[in-house]
Number of protein chains: 2
Amino acid sequence: MKHSPNSSSIEDYVKVIYAYTEWQDKPITSSALATRLGVANSSVSEMVRKLKDQGLVDHEPYSPIHLTAEGLTLALAMVRRHRLLETYLVRELGYSWDEVHDEAEQLEHAVSDHFIERMSAKLGHPSRDPHGDPIPDAQGRITMVPSHRLDELDPGHTGRISRISDHDPALLRHLEAIGIGVDTRLTVLGQPRFGAGLQIAFPDATNDVGPLTLSDEVAASLWLASEGAHPDCSVQELTGGSLMTPYSDAQ
Amino acid sequence: MKHSPNSSSIEDYVKVIYAYTEWQDKPITSSALATRLGVANSSVSEMVRKLKDQGLVDHEPYSPIHLTAEGLTLALAMVRRHRLLETYLVRELGYSWDEVHDEAEQLEHAVSDHFIERMSAKLGHPSRDPHGDPIPDAQGRITMVPSHRLDELDPGHTGRISRISDHDPALLRHLEAIGIGVDTRLTVLGQPRFGAGLQIAFPDATNDVGPLTLSDEVAASLWLASEGAHPDCSVQELTGGSLMTPYSDAQ
DNA sequence: TCTATTATTTCGGTGTACCTAAACTTTGAA
DNA sequence: TTCAAAGTTTAGGTACACCGAAATAATAGA
């Protein structure tokens, strides 16, 4: 029932379980969790049993792992912490885009709720972090934006980058170097195939370095929000038991 | 020799050992360390052995504990972290005087050196925290101010409060309520005796609530810097092996 | 100087979060 | 339908930072 002295490992496990389903539906498996946390499979089995005892996950042996409503609440609180911290480090302490992740990773376990809310207020309660990821509010609600992974789009699709995965600093520097950031406008030219890469162009004069080829790996780290039709924000309630499902463009 | 994965317990032990000798000379004993850390004596014995193995303290069984040069360097780094964090929380995030200690206590183990230096720069490299305690610079040097504990002064002594011990939030609120803060000007009227209290007056019109009696406990938390003669700052090098000795007024 | 008190250390044991290796399920290819 | 490969859990073990109780050293008073 209660998960009293919120150890930072528990917070990490729950956060990774949540993150896995943030942009797709398949629940996480034991080994995927182990890989993402950088621990042995056996450590995951043991820890998942503990998370289950504390009511944070549902789990049957040899099956994937799901967050309970309580686990989801904790996960969203951690995601809020992480993304607010990243935003704060960039805006208030002059961190560069690619430096913030590791610092936020440490800080998210150490700061108090009071600290988080002060920070949020000082920043004007932002709803996106520097990578374009949505920041849950204090009640765990998230503002969603219609978006697709670049490597899942057809040629001709135009929009602006709404989100960039923040796990590889080298990638972030590379993207910055070639002029791609959150809100950069792009047109998809050639369809991506694994190993073949993705052709894109910058419709904006400001970024006009002509067509560009991105590797599949890079394309998979970029999300494009369509222009027109769904400009921004369908809000979903996430506090209760309902899992977040990313907006699915049915065009 | 090396104290590689700087566990936060090690940091706490070293910090407390240092703090004990910051305002007087007697080295700390095993049991005093245990009390201040809130752990059992047996835990201290064990941990001190480890600190000795890592070259952070000198210690013979049944004797008091001294920091080595290396230990002092680590302690001063932690003190710098703590005091810069307190200053930052007050100045940038609107924390009140009495809220900062616990938050800083957590954060000092989690933030990177990069974070600390950004913060220091943003604050204009302050040399005092909100309690008036000196902040060591990045090389571990401290700017000292001549000062005495209020309960060690004779009647007639006049000066301004230069430092207030930050360990009791209730005390801080009380002092604020009766108009005493860092830089408040005071005159000592009646000599303190244990259990009897200390008589003081505010020479400043702004604080003129007349003579006041403070308990010995409160008086022991207040430091008075003399006016005139020694206005501010004799600087001592603290990086190497030399322990800090508080300025001693020979008048 | 001897003893009683106090201070400190040693000893055996706890919980957490890891690990490797072995045992066990599940899955999918033949 | 079977069985080997892949995925998962169990078993046994480590390091860390604690604990209380027992043993030992220091100290101070008679």
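A polar contact here is a pair of N or O atoms within 3.5 Å; inside protein, one atom must be able to donate a hydrogen and the other to accept it, and residues adjacent in sequence count only if both atoms are side-chain atoms. I kept that at hand while reading this predicted model, in which local features need pLDDT of at least 70, side-chain atom pairs count only at pLDDT 80 or more, and totals for chains, interfaces and linings use all residues. My bookkeeping: residues run from 1 along each chain as its sequence is written, chains are lettered from A and ligands numbered from 1 in the order in which they are written, and side-chain values use heavy atoms, with hydrogens and water left out.

**Entry 1: DNA strand D**

I began with the phosphates. A polar side-chain atom of B:Lys50 sits 2.2 Å from a phosphate oxygen of DNA strand D. For B:Ser7 I read 2.7 Å from a polar side-chain atom to a phosphate oxygen of this strand, and for A:Arg49 a side-chain N or O atom is 2.8 Å from one. Two or more residues each of the surface near DNA strand D come from helix H2 (30-37) and H3 of chain A, and from helix H1 (8-20) and H3 of chain B. (Helices are DSSP runs of H or I with at least four residues, numbered from the N terminus.)

Which helix gives the largest share of that surface? It is H3(B), with five residues. I found 22 residues around DNA strand D, the closest being A:Ser31, B:Ser7, B:Ala40, B:Ser43 and B:Lys50. Near means that a heavy atom of the residue lies within 4 Å of the strand. Sugar or phosphate makes up 64% of the strand D atoms within 4 Å of the protein, and bases make up the rest.

I sorted the residues by class: Ala, Val, Leu, Ile, Met, Phe, Trp, Tyr, Cys and Pro are nonpolar, Asp, Glu, Lys and Arg are charged, and the others, Gly among them, are polar. The surface near DNA strand D then has seven nonpolar, twelve polar and three charged residues.

**Entry 2: DNA strand C**

Next I turned to the other strand. DNA strand C has 22 residues around it, and A:Ser7, A:Ala40, A:Ser43, A:Lys50 and B:Ser31 come nearest. Of its atoms within 4 Å of the protein, 66% belong to sugar and phosphate.

I looked up three phosphate distances from polar side-chain atoms to DNA strand C: 2.8 Å for B:Arg49, 2.9 Å for B:Ser45 and 3.5 Å for A:Tyr13. H3(A) gives the most to this surface, with five residues. By class I noted seven nonpolar, twelve polar and three charged residues near DNA strand C.

**Entry 3: H4(A) against H5(A)**

Away from the DNA, I checked how helices pack in chain A. The axes of H4 (residues 69-93) and H5 (residues 100-107) of chain A come within 9 Å and cross at roughly 130 degrees. Axes are lines fitted to C-alpha atoms over the stretch in contact, with angles from 0 to 180 degrees between N-to-C directions.

Why do I call H4(A) and H5(A) oblique? Angles under 35 degrees count as roughly parallel, over 145 as roughly antiparallel, 65 to 115 as roughly perpendicular and the rest as oblique, and H4(A) and H5(A) are therefore oblique to each other. The residues of this contact divide into six nonpolar, two polar and three charged.

**Entry 4: H4(A) against H6(A)**

Last, I found H4(A) and H6 (residues 113-122) of chain A packed at about 50 degrees, with axes 10 Å apart. That makes H4(A) oblique to H6(A). By class, their contact has six nonpolar, one polar and six charged residues.
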